[in-house]
Amino acid sequence: DYGWDTASVAMFAASGEKWYGPDRPKWLGPLSDNNVPEYLTGEFPGDYGFDTAGLAKDPVKFEKYREAELVHARWAMLGTVGCLTPELLSKYFGFSFGEPVWFKAGSQMFSGGIDYLGNPGFVHAQSIVAIFAAQALLMGACEAYRVSGGPAGPVKDINYPGGAFDPLGLADDPATFAELKVKEIKNGRLAMFSM
């Protein structure tokens, strides 16, 4: 026993959930049946039985790694949308940006500044130090709100807080929520790779 609640594995396996439990897809398909570490039971979303470095052996460390992966995956998905949207809007819909290509956009900082949303009256960024400070403050506030719950109160699970953070009620059905967790981590891993 590695300190994890294995009742959820039994629940997902009994309900026929294909992404959890011992019959979940593995990283090498049928060739990986005997190569999955015993501590990877299929309890968590995105567990394909791949842990060559043994990072998931300690449940406390594994929880921190899961949290970090999920947070980075969410930011990478937002970053991917932020990188692609200006290029697509400029190329296909005629929107005018100073520089729509994401890896060239930052250089505008050193040649007169960046006008956010094409409006110099909105935010005309000229200082990399000011942008760094604003970004650290805003992202720090978001993370503090996520961890402590902010005005919405404390959260039960900082990875999937629900409540006020789920206004559409996507987590109301446990089977749908379990599938959405897998979709989130799969798309997040793809976004982290793409960034």
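Okay, one definition before anything else: when I say contact, I mean heavy atoms within 4.5 Å. With that in hand, residues 24 or more positions apart account for 44% of the contacts in this protein that have a separation of 6 or more. And please keep in mind that what's on the screen is a predicted model.

So, the overall layout. We've got 5 helices and 2 strands, and if you walk along the sequence the order goes α-α-α-β-β-α-α. There are 195 residues, and 27% of them count as buried. The accessible surface is about 13000 Å², with 64% of that belonging to carbon and sulfur atoms.

Now let me take you to the helix pair I want to talk about, α2 and α5. Helix α2 is residues 59-93 and helix α5 is residues 174-194. How do their axes cross? They come within 8 Å of each other, at roughly 65°, and the crossing is left-handed.

Who's in that contact? From α2 you have Glu69, Leu70, His72, Ala73, Arg74, Ala76, Met77 and Thr80, and these meet Glu184, Ile185, Asn187, Gly188, Arg189, Ala191, Met192 and Ser194 in α5. By type, the residues of this contact split into 7 nonpolar, 5 polar and 4 charged.

Let's zoom in on one residue from each side. On the α2 side, take Ala76. Is Ala76 buried or exposed? Its relative accessibility is 9%, and the cut-off for buried is under 20%, so Ala76 counts as buried. Setting aside neighbours within four places in sequence, Ala76 is in contact with Ala191, Met192 and Met195. There's also a C-alpha distance to look at here: Ala76 and Ser194 are 118 residues apart along the chain, and their C-alpha atoms are separated by 8.4 Å.

Across from there, in helix α5, sits Met192. With 30% relative accessibility, Met192 counts as partly exposed, because that value falls between the 20% and 50% cut-offs. Which residues does Met192 touch, if we don't count those up to four places away in sequence? That would be Glu69, His72, Ala73 and Ala76. For Met192 and Ala73, the C-alpha atoms are 5.9 Å apart, with their positions 119 residues apart along the chain.

Okay, switching topic to the aromatics. How many aromatic pairs does the structure hold? There are 4, and I'll show you two.

One is Trp102 with Phe103. Their ring centres are 5.7 Å apart and the planes sit at 90°, so this pair is edge-to-face; the cut-off for that label is over 60 degrees. Trp102 is partly exposed, with a relative accessible area of 46%, while Phe103 is exposed, with 57%.

The other is Tyr160 with Phe177, also edge-to-face, at 5.7 Å centre to centre and 85° between the planes. What does this pair link? Distant parts of the chain: Tyr160 is in the loop between α4 (128-148) and α5, Phe177 is in helix α5, and the two are 17 residues apart. As for exposure, Tyr160 counts as buried at 14% relative accessibility, and Phe177 counts as partly exposed at 23%.

So, to leave you with the picture: α2 passes α5 in a left-handed crossing, Ala76 and Met192 are in contact there, and Phe177 in α5 pairs with Tyr160 from the loop between α4 and α5. That's it from me, happy to rotate the model for anyone.

Conventions
Residues are numbered from 1 along each chain as its sequence is written. This is a predicted model: local features need pLDDT of at least 70, side-chain atom pairs count only at pLDDT 80 or more; totals for chains, interfaces and linings use all residues. Side-chain values use heavy atoms; hydrogens and water are left out. Axes are lines fitted to C-alpha atoms, for helices over the stretch in contact, and angles run from 0 to 180 degrees between N-to-C directions. Helices (H or I, at least four residues) and strands (E, at least two) are DSSP runs, numbered from the N terminus. A crossing is left-handed if the near helix is turned anticlockwise from the far one by less than a right angle, and right-handed if clockwise. Ala, Val, Leu, Ile, Met, Phe, Trp, Tyr, Cys and Pro count as nonpolar, Asp, Glu, Lys and Arg as charged, and the others, Gly among them, as polar. Buried means under 20% relative accessible area, exposed over 50%, partly exposed in between (1.4 Å probe, protein chains only). Accessible areas come from the Shrake-Rupley method with a 1.4 Å probe; for residues, only the protein chains shown count as cover. Rings of Phe, Tyr and Trp (its six-membered ring) pair if their centres lie within 6.5 Å; planes under 30 degrees apart count as stacked, over 60 as edge-to-face and the rest as tilted.
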